[in-house]
Structure formats: C-alpha cells, structure tokens
Amino acid sequence: MHSTHSSRLSFSIPCALLGVLSVLAGCGGGGGGGAPPVQAKAILSGDLRVPALAVRTAARTFQVDAPMVPGEVVVWLEDPAAPPPDLSSQGLELLRAPGGPIAVYRARDSLGKPLAAMALRVEDSAEHATCAAAAALVSDAVVCASPNYLCRVALEPDDTHYDKQWHYPQINLPQAWDLTQGSNNVIVAVLDTGIVSRHPEFQGRLIAGFDFVSDPASARDGDGIDPDPEDPGDLATPQGSSFHGTHVTGTIGANGNNRQGVAGVDWNCRLMPVRVLGMNGGAVADIANGILFAAGLPNASNTVPPRRADIVNMSLGGPGNSPVLEQACNAAANAGALLIAAAGNDNSPNPNSPAAFASVLSVGAVDLVRSRAPYSNFHTSIEIWAPGGDMTADRNGDQFPDGVLSCMADDQGRHFFSFENGTSMAAPHVAGVAALIKAANPALSAAQIRQILLNTTVPGNNLPNGGRMVDALGAVQAATGAPPTQPLLVATPAAFDFGPTLTQTEIGLANRGAGTLTFETASLQPDAPWFSGTLFNAPPSSGISHDRLEVQVDRTGLANGVHQTRLLLVFRDAQNQPVQIGIDFRLQVGDTPPNRDDIFVLLVDLVTFETRAQAVTNAATNFAFTLTGIDAGTYLLVAGTDRDNNGFIGEEGELFGAFPSLDTPLALQVAASQRISGLSFSLQELIVIQAERGGRFPLPIAIRRLP
Amino acid sequence: MRNHLPSAVLLLLAAGCAGRDTMPEPEAKEWHGPPVRAVAAANGAVDVVLTAPTLGYRFELQDVAVEGAVAAAIFKLTTPAADVLTGQMITEHRLQIPAERLPAAARTVQIRVATWQDGVHYVMPPEPELAATVRR
C-alpha cells in the first residue's frame, strides 16, 4: 500500500554522503511451463534485528527517619480475622483497620483529645505516640506496635536519563538533595578544555571565565589567551573532539530536575569555565594562570573575575612536578579556594600533578561496585574516591557501559549526552559535593569544606591504602552543624541490580542521625531462596550495631527472567522503637527478555519525504517484513516503534533503524516490478546517548507512519 | 613494497610470508603501549581501536605493507609531551584500514605501532611493535 502522508525528517542526509545502492532483484527461479506473471509493483522484504528489552537499573533510594504521622500508632494484630481490639483504656482510638494484620490508632491526651487535633510540636507528639505504642502492647490482641513513622523515598530528579546515572545514588546524593540542591551564591571554576555554552543543561548557570591557552595552534580559536572560554573542539581523536570540559562541567552542575537530559551534582551553583587545555593538552604556564584567575589573583590576563571561585575543579594531570604549578595551587588555596584534581589514569602508584600537591584534594576513581577502577592511579596522596566509571563493564546489565553519564557535544554543533570514564569523571563528583556543602553552610571556609569531605567519607570496596569514598549525605549533614535528634537509618546503596552475571555485593548501613540502632530482624518480601546475606558487627560507638551487609545470590534452578525482592531490616532505637529500611535487589537469569514491541517498517520517498509503504512486524514473526505495491523510485527504508502512539517513529525514547545501518543510511533505487529480498538491518534506542566515543550516533528524526 | 619501511618489518615479511597463509613468528618487540584491538570488517577493511588513558594522544595510520598472505599496517602513536598536562579521560582512537589497501590474499593483518613522544627529538625513528593481529 502506499500513501501521501508527509514525513518529518529533522536531519538531512547530505547528498554527497548518499550512495545509490542498486540491489539485485531477488527474483525466484522460474519453473517449467509458462513465464511467471509480471508484477506491476515492486516487493521489498527482509527482517530486523531488534534489541532485547533493557533491564532498568533500580536507582531508587529509600530512607527512614524518625518523623512520624503525629499522634498515630500502628499495630500488628494477633488475629487479623478478629475485630481490632478496643484500646480506649490505653488512650488509643481506632482510626482505620481496612483488613489484614495492620490497624492504625490515634493517641489521645489525658483529656481525651486526639493528639493530632492539637497544635503539638512534632517532638511532643512523638513522645506521646511512643508512649501510646508502648501502651498498645498491654493488649494480648497486639503483637507489636510503633509510632506511625514516615518512610519516604529520597528526592530523585525527573531528568530523562537520571535512571542511568548510577553514580549519584552510589554517593547518597538523593538523600543529600533532600537537604540542599545547591545555591547560586556558590561559584565552581572548571579548568578544562572550555565549555559548549549553548548546551541546554547549562542555561542560566554560566558566568564569565577566560581562555588561557596561549598557543594559537593548540587553541584552535585563532588567537592566544582571550576572554572567551568556548570550547572550539580539540580534535582529540580521529572521530572528533573530546569536549571533555563540557562533560566534566555537566557532572558538577547540569541543571537538575528539569525533565530533560541528565542531572548534575549541584543544580544551582554558578559555573566559571576556564579554558586551559587545547589540542595538545595544557601547558603548565597556562594552567597556572588559569588557577590564579579562578582564585581572583593577578594573572596573565590582567583581569580577575568579579568574585573568585569557591571551588576549582581540575580534571587534568601529568607525571611532571612543576614547582610553578604548585606555587599557583598554594596561592589559590591561601586565597580561599578549594582545589580538587583527578588522580590520574595510569593504573600506577606514582603521583600525578597537580593532584599530589598538598594544597589540592586528590580524587581516585571507583567503578559501579565501588572498587578501584582498573585505570585509576593509587598513590598514597589520594585522599578521597568517587565514581569514575569503568566502560569495559556493564555490571548492572542495563545494556550501557558503566560510565559516568553527562553532557556532551560534537564538532557538528550537536548537543547530547555520553558515558565517559576516568578520574576526570571522579573529581567533579567531589567538586559538586563541595559546592553542596558550601550551599548548606556559606560560612564554611575552603579548609573546613575539605575537612568535612574527608571526615564524612564511607568505605568503598577494598580501596587501596585504606581509601574511602565521598558521601554527599554525610557531608551536607555535617555542614549544617545542627545535630540530628532522631536516628536516621541509611543503606548505601539502597538498591542493587545484579544483572545477568554478578553474584555478590556489599551494602553499607549507617545511622546518620542521633542515638543508637540495634539490629532485630530481617525478612524478604517476597521470599527469595536465591538470596543470602550476612550482617557484620559495626565498631563500637558507631551508632549502629551492624554496619555491613554482604549479599550473595545463586541463580541455580531459577527460571529465565528477572527476579527481585526487598530485604526489610528492622532495627530498634534506644527507646526500643522499630526503625526499618527496605533494600531492593534484582537479578536476571538467562537471556534478556525479547522485545515485545510492534515495529513499523516504512519506505520513505527521498524526493518528497513521504511515507509510501508500511508494514508492521513483531517478535511473533521474528521481525520479518514485506512491503508490497511499491512504485519505482528512490527510497529510504526505516523502521521503528511508536510507543507513545503519536503517529511518528524515530523519536527519542523509541527504537529506530535505517537500512543498511543508522550510521550510514543508503538510498534504495527500486525499479518497477522488482523483487528485493534480504533487506536486513538493526534497530537501536534513540535516547541521544553516545555509548561509544566517536561513533556516529542516532538522533531523533521523527518520521510519520501510516495510520 | 615501500623502501622506507623499517628494515625489521621488511625482513619479517620477506622471511615469513612466501606462499604461506600462517603468520610468521613476530621478531618485533612486544607491545607495551595502550590496549589495541583489531577486528576484520565485513567489507574487507580492518577496524583498529587504541584505548588511550588520557587526552593528548594522536594515532595515525602511516602505511600498509603487503607480502603474500600477510599485511603489516604501520601506525604512529604520539604521546603527550612530558611537561604537558592532559584531561584524565579514557579515550578511544578508532581508525580503519580501508579494504582497498588490503588485497584479498592478505588474510593476516598485523597491527604494528611505533610510539613517539611530543617534544622529543629522535635520532632514529622508533621501531614499530606488534600490537595486534587479525585474520580476515
């Protein structure tokens, strides 16, 4: 069938790149007897290679803190089938018992008034609710009781690709975002390749910087140092430029919770791009001047910013040891800036500068399971570790490499997002958390911020030299200075996906609040015989009885597919009240489930961009297709899903492909009555993420399908 | 065969390749540089990927020498100067040896890489090292 519905192609295939593919007709052999009937129209057939469904990473975090529904007590009934007991003699009024073993009562004061109806401070209500819970236990009909604690999911931004940013829950950022998302009174300088200032994720956030690349050939912007830190591209690889500074800046401060793209660590800080890396790297003199500029000190530009940076990120390094560079770092630190640098990617115990300087906070890189990333240096000067990723692995089985996802651009001026890995990616996590600390307490000096970062670290996974990881929640809590009054039970990470191959992991448990927590019970919902765990005692005075959970999973005998469970851990506080936390676990057995989408195969007229023919295929037919009734002409053969059913394929979030490949689509020249078979090509997710550096990647192109 | 190829490569190809399909024992130095992998593409080309630990590296195809069933593709890797600082991001360099430079008879392709460093003056050019081998 054919139609004249128009298609919307938002990318253009330059004619020079189009090859005209003459495909041999796939006519069937003729048998004996008369000639085969002449086909007035052409027929095209083939099949599609469709990716299996991706297992989404469970990135949700979960925390319990002591605030509760004022005046309410929740009880577990001995006999769910019996009517809820009358607890009025204990000062409790039944609120609701919808069925099952759980009922909720309201505590009343000595005058018989419901506590919730009175203007009580939360603390008062908590005390009454606690007493009332104890009172409920007097009844034989009640197994256990507690105040109706509030359990909530920590803040998670609604950015489109946040679910792929595993590196943020790893450092307890969602919990930290509950306390602060940053402040525009904090300035972070990024000494790097410059910035792609028009990237949508930086709008409203950039302040004036400078370009200190003094060699015009290396700068590629036609001059030496100048006030424009725009990144013109460094042609770092045969495939194109790195736009390293854009990726690093995105981790520090991409706009968060804006329903698009990715989130940064700090959603509000101001970002000062200082260009110091050109095509051939960065000269010591240029970098030293960039440091001085960021710190508001005299420098080669003969200018200083209106306000110096609070934090300076340097995702750069080298094996040399320049006293000039060290002098610049010392001067900047003395002027009040906190300097943070990447430790280096040589898998070496050797120091890297400037990270190894005493005045600079050195950051090593961990992978998705909090182990040292295989490339990360491990010199003793490394003071803190943060996610840098490992793109040789996909440990969570989400079909993306385990890199750090952030902003990216290309030499064609396009803006998108990419996974990268390196200690370059680790340092900006720490810089962003430093910015959150400063936002939580503007009075803190750089030295105090640095000390908070180091005092609030948490264990990684066998990091060298006793290394520990940045913890955003602990750092921001410490910054506020206000001591908590209730226990706060936190698991890190709060969810874990074993994917198809991982068999063990470690979960850290901590009391980030006041008092003590003592382990009582553990249960799985639903039951999961594939799961086993071991709790380990915590050191004395840590505020919690057990601080480490080792988990092993055994896939033996499990059916193919995804299996998941929630581990409920119940602790008791000093008042013997329960405090619980749920940790989600998931694993995959066997092949990833096949894709169940319907796929629309379209033949698009390259002259008019109209969809001329369409076929619908799916897994039931092994994604085979046949297009009939084709007029002679020149066409583009494409296929994709229309999951949102808006009549277009090729939009972000959909599967899409073009013959013979999306990287190099070719025109099909079809003759009248021609039969063309074997048109096979692959589909891929159009999510504007470049998983492989330098490869051409799909952009949404939105082609209208036939109704 | 081009005369400017390092003599070790010439000797290696001449001694090892006549009338044989198998790869001669490499006499060249073992590769100690960044990881290199090579894959034969469907159209007869060979895709080569070098994974550098940081920015600041350059990777170029210099020449392809063919002797019978073995082709030696010579690449030049230039590392950053000792006094330069670079972005600490793992960076892949992807190049392709075009099919037209690899006769069909050359079923074994050796990836040989000569490593230079920016800012260094070389009296003798560095010798290529065997970094990878691929069969087509």
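Let me start where the two chains share a strand pairing: strand 10 of chain A, residues 282–283, is joined to strand 5 of chain B by 2 bridges, and the two strands run antiparallel. Within that pairing, A:G282 sits opposite B:L85. Please keep in mind that this is a predicted model.

Now the interface as a whole. On the chain B side, 20 residues are in contact with 36 residues of chain A. The area buried between the two chains is about 2,000 Å², and carbon and sulfur atoms give 58% of that. Three residues, B:L85, B:Q88 and B:M89, supply 39% of the area that chain B buries against chain A, more than any other three residues. So much for area; B:L85 is also the residue that stands opposite A:G282.

Which elements of chain B give two or more residues to the side that touches chain A? They are strand 3, residues 58–67, strand 5, residues 84–87, and strand 6, residues 91–97. Strand 6 gives the most, with 5 residues. By class, that side of chain B has 10 nonpolar, 6 polar and 4 charged residues.

How many salt bridges are there between chain B and chain A? The count is 0. Polar contacts between the two chains come to 11 residue pairs, counting pairs with both residues at pLDDT 80 or more.

Next, the sheet in chain B. Strand 3, which we have just met at the interface, belongs to an open sheet of 4 strands in the order 3-4-7-8, with mixed pairing. Strand 3 and strand 8, residues 129–135, are at the edges with a single partner strand each, so each has one side without a neighbour in the sheet. From one strand to the next, the twist averages 20 degrees. Strand 3 pairs with strand 4, residues 70–79, in the antiparallel sense over 9 bridges. In that pair, B:E67 stands opposite B:V70 of strand 4.

Chain B also has a hairpin made of strand 1 and strand 2. Strand 1 covers residues 36–40 and strand 2 covers residues 46–52, and they pair antiparallel over 5 bridges. B:R37 stands opposite B:V49 in strand 2. Between the strands there are 5 residues, and B:G44 takes a positive phi near 95 degrees in this hairpin.

Over to chain A. There is an open sheet of 4 strands here, ordered 21-27-26-23, again with mixed pairing. The edges are strand 21, residues 495–497, and strand 23, residues 518–525; each has a single partner strand, so one side of each is left without a neighbour in the sheet. The twist averages 15 degrees from one strand to the next. Strand 26, residues 561–572, and strand 27, residues 578–589, run antiparallel and are joined by 12 bridges. A:H563 has A:L587 of strand 27 as its bridge partner.

Last, salt bridges. Over all chains the count comes to 20. One of them is in this chain A sheet, where the side chains of A:E520 and A:R572 meet at 3.0 Å, N to O. A:E520 is in strand 23 and A:R572 in strand 26, 52 residues apart, so the pair links distant parts of the chain.

To close, what is the count of salt bridges over all chains, and what is the count between chain B and chain A? The count over all chains is 20, and between chain B and chain A it is 0.

Definitions and conventions. Residues are numbered from 1 along each chain as its sequence is written. Chains are lettered from A and ligands numbered from 1 in the order in which they are written. This is a predicted model: local features need pLDDT of at least 70, side-chain atom pairs count only at pLDDT 80 or more; totals for chains, interfaces and linings use all residues. Side-chain values use heavy atoms; hydrogens and water are left out. Contact means heavy atoms within 4.5 Å. Buried area is the accessible area (1.4 Å probe) that two parts lose on being put together, summed over both. A salt bridge is a side-chain nitrogen of Lys or Arg within 4 Å of a carboxyl oxygen of Asp or Glu. A polar contact is a pair of N or O atoms within 3.5 Å; within protein, one must be able to donate a hydrogen and the other to accept it, and residues adjacent in sequence count only if both atoms are side-chain atoms. Ala, Val, Leu, Ile, Met, Phe, Trp, Tyr, Cys and Pro count as nonpolar, Asp, Glu, Lys and Arg as charged, and the others, Gly among them, as polar. Two strands pair if DSSP finds at least two bridges between them. Axes are lines fitted to C-alpha atoms, for helices over the stretch in contact, and angles run from 0 to 180 degrees between N-to-C directions.
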